[in-house]
Amino acid sequence: MPTASYPSRVKLVDVGPRDGLQNEKSPVPAAVKIALVHRLQDAGLREIEVTSFVSPKWVPQMADNAEVMAGIQRKPGVRYSVLTPNLKGFEAARASRPDEVVVFGAASEAFSQKNINCSIAESIERFAPVVEAARAAGIYVRGAISCAVGCPYEGEVAPERVAYVAQLMKQIGVQHVGVADTIGVGTPLKVQRAIEAALQHYALDDVSGHFHDTYGQALANTLAALELGVWQFDTSVAGLGGCPYAKGATGNVATEDVVYMLHGMGIETGINLDKLIDAGVYISDFLGRKTQSRAATAILNKRAG
Ligand SMILES: CC(C)(COP(=O)([O-])OP(=O)([O-])OC[C@H]1O[C@@H](n2cnc3c(N)ncnc32)[C@H](O)[C@@H]1OP(=O)([O-])[O-])[C@@H](O)C(=O)NCCC(=O)NCCSC(=O)C[C@@](C)(O)CC(=O)[O-]
């Protein structure tokens, strides 16, 4: 049996400050979000998804988007991304000088309606002017394809739906797509089919994985994506998070767990695991709960002796 050949280097985008905190019921002060971003960049993260410019009525936790972006002491070489669902969000985001904006669509009609209040076709119409304005301003545009393997409202999602949305995103000039298992129901072969669907329209260098860990499959799914040559992943420090419109779904795969796995496989990330664990402890302590990262828990137990 041939051994899979894995990429030698992987880029992780920590989405903890955005995806991780968007669903928190109690307000997290902007100062804490800013401190978390600082800790992540000090740990070696080179891309951080900071916040979203969405309706504060829909996602109150992200209402401090501009304040958070303004408070970050930017580190050279680090890219800061934000979510922008429409032109209103983009115009507000633009003033805060993001390096990258994310338009977020879905492979499921029902999730599109629940999450962004429009159909898939309408979402593409809303994204098109965002993409045009962002690219004209030299801002990179990433697209997220939610519910790429399963939807909380429609159940299983066929890879053809992912290919369909990827094609629409490609047509309007989105530069990169993230294949997102929003509710963490995917298993390795299903995730590979979803990624292959995106690869029908995007090059390998322009596709990333975004796996929630609800069913404990996210690391296995990350490995399955690596086997296809995917080398970019969204992960969340301490495994924070969940989507307000995907009830019951847990956070993303913990950044610490992915870093531990990759380093163990001899794959470089540029991330200092100890500092990353400290960043996870910082935010978990603030939230008054234990980290969701198994690797961090094991290493913290060892540190405690
Ligand atoms: C997309 C909208 C805004 C459409 O919401 P809508 O109600 O259809 O928008 P609208 O254009 O009809 O406007 C209604 C009101 O919202 C305001 N509005 C309109 N746009 C904005 C904006 N950008 N920023 C601030 N305010 C905005 C607008 O000004 C107006 O205010 P009013 O006149 O009623 O006072 C809404 O549905 C929304 O905000 N949804 C939130 C979606 C969200 O943030 N979901 C979580 C992130 S996605 C995710 O987590 C998945 C991902 C990416 O991680 C990948 C994965 O795992 O799947």
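I define a pocket first: on a 1 Å grid over the protein atoms alone, a pocket is an open set of points where a 1.4 Å probe fits, with protein on both sides within 12 Å along at least five of seven lines, and its lining residues have an atom within 4 Å of a point.

I note that the model is predicted, that local features need pLDDT of at least 70, that side-chain atom pairs count only at pLDDT 80 or more, and that totals for chains, interfaces and linings use all residues. Residues are numbered from 1 along each chain as its sequence is written, and side-chain values use heavy atoms, with hydrogens and water left out.

Entry on the pocket. I looked up which residues lie nearest the centre of the largest pocket. They are Val 54, Leu 83, Pro 85, Phe 104 and Ile 116, out of 38 lining residues. The volume of this pocket is about 700 Å³ (the space filled by probe spheres set on the grid points, which are joined across faces, edges and corners). Strand E5 (a strand is a DSSP run of at least two residues) gives the most to the lining, with four residues.

Entry on the ligand. I found that the ligand takes the space of the largest pocket (more than half of its atoms lie within 2 Å of the grid points). Around the ligand I count 27 residues (each with a heavy atom within 4 Å). Arg 18, Asn 86, Asn 115, Ser 146 and Thr 182 come nearest.

Entry on polar contacts (pairs of N or O atoms within 3.5 Å). A polar side-chain atom of Thr 182 is 2.5 Å from a ligand oxygen. The side chain of Asn 115 has an N or O atom 2.8 Å from a ligand nitrogen. For Ser 55, a polar backbone atom lies 2.9 Å from a ligand oxygen.

How values were computed: A polar contact is a pair of N or O atoms within 3.5 Å; within protein, one must be able to donate a hydrogen and the other to accept it, and residues adjacent in sequence count only if both atoms are side-chain atoms.
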